[in-house]
Amino acid sequence: MRPWLITVNDAPHRMLSRELHLWLGETDLDADVEFVAVEGRNVECQYNTAIESALIRGHENLVFIDSDVRPADLSDFWTCPTDVVGAAYNLHLDTDDSIHFGFWRTTRPVLLATGPPWIEWEYDAKHTRATDCLCRTFCRKALAAGFTVKQQGLVLHDSGKQLHQTP
Ligand SMILES: [Zn+2]
């Protein structure tokens with residue numbers, strides 16, 4: 001088993017970006033790669049399926065990538081000494097200790113401490129609207145469990161705004 005597992009969230013309505021295809025072929029990261037085909041359009045279920053599938057493989061270091069992400073600058077992404085690291089894209093974050101999903105990595109102990117379920121939307125009392133995106137809800141759980149979270153690196157992610165921004 002290699003030290004890293006890269007899980008590509010291969011949702012059926014998305015296409016693997018050309019840039020990600022090239023990056024997967026060229027990376028010198030010592031990693032196994034798994035494509036997780038997830039049914040339906042429920043992003044919460046997609047991400048939980050990807051995490052559950054990754055944990056079964058037994059790797060310590062886990063990378064989760066949306067198939068439509070286009071890697072840009074990941075030079076500092078792999079060496080960042082933080083428990084949860086997410087590459088930035090065109091979405092603002094209010095705090096330094098938060099990320100949006102799309103291209104992120106963590107470790108097995110973080111996921112064992114934060115779920116299942118790992119990924120959950122946060123709603124108002126009536127569930128009429130989401131009050132925060134599912135990534136920041138996960139980040140708060142990781143911080144509460146004593147882990148560190150940081151945004152590092154850069155990718156392009158066209159669907160990020162639609163999936164992660166809340167009113
Ligand atoms: Zn988000």
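The pLDDT is the predictor's confidence in each residue, on a scale from 0 to 100. In the predicted model described here, the protein chain averages a pLDDT of 90, with 94% of the residues scoring at least 70. Confidence in the protein chain is lowest in helix α5, residues 160-164, where the mean is 69, and highest in helix α3, residues 108-114, where it reaches 98.

The secondary structure of the protein chain comprises five helices and nine strands, and, read from the N terminus, its elements follow the order β-α-β-α-β-β-β-β-α-β-β-α-β-α. The radius of gyration of the protein chain, 15 Å, is close to the 15 Å that the globule rule gives for 167 residues, so the chain is as compact as a globular protein of that length. The C-alpha trace spans about 45 × 35 × 30 Å along its principal axes, and buried residues make up 36% of the 167 residues. Of the contacts in the protein chain with a separation of 6 or more, 79% are made by residues 24 or more positions apart.

Seven strands form an open sheet of mixed pairing, in the order β2-β1-β3-β6-β5-β9-β4. The edges of this sheet are occupied by β2 (31-36) and β4 (70-73), each of which pairs on one side only. With direction ignored, neighbouring strands of the sheet are turned by 30° against each other on average. Strand β1, residues 4-9, runs parallel to β2 and is joined to it by six bridges; within this pair of strands, Leu5 stands opposite Asp32 in β2. Helix α1, residues 18-26, packs on the sheet and touches β2, β3 (61-66) and β4, and the direction of α1 makes about 65° with that of β4.

Helix α2 was examined with respect to its length, its burial and the residue that follows it. The helix comprises 15 residues (residues 43-57), which at 1.5 Å a residue should span 21 Å, and the computed distance of 22 Å between its end C-alpha atoms agrees with this expectation. The buried residues of α2 are Val43, Gln46, Tyr47, Thr49, Ala50, Ile51 and Ala54. An α-helix has 3.6 residues a turn, so residues three or four places apart point the same way. Beyond the helix, α2 is followed by Gly58, the phi of which is positive, near 90°.

Conventions. Residues numbered from 1 in each chain as written. Predicted model: local features only at pLDDT ≥ 70, side-chain atom pairs only at ≥ 80, totals over all residues. Helix = DSSP H or I, 4+ residues; strand = E, 2+ residues; numbered from the N terminus. Expected span 1.5 Å × (residues − 1). Buried ≥ 20, exposed ≤ 12 C-beta atoms within 10 Å, placed from the backbone. Rg over C-alpha atoms; globule rule 2.2 N^0.38 Å. Contact = placed C-beta atoms within 7 Å. Pairing = 2+ DSSP bridges. Axes fitted to C-alpha atoms, helices over the stretch in contact; angles between N-to-C directions.
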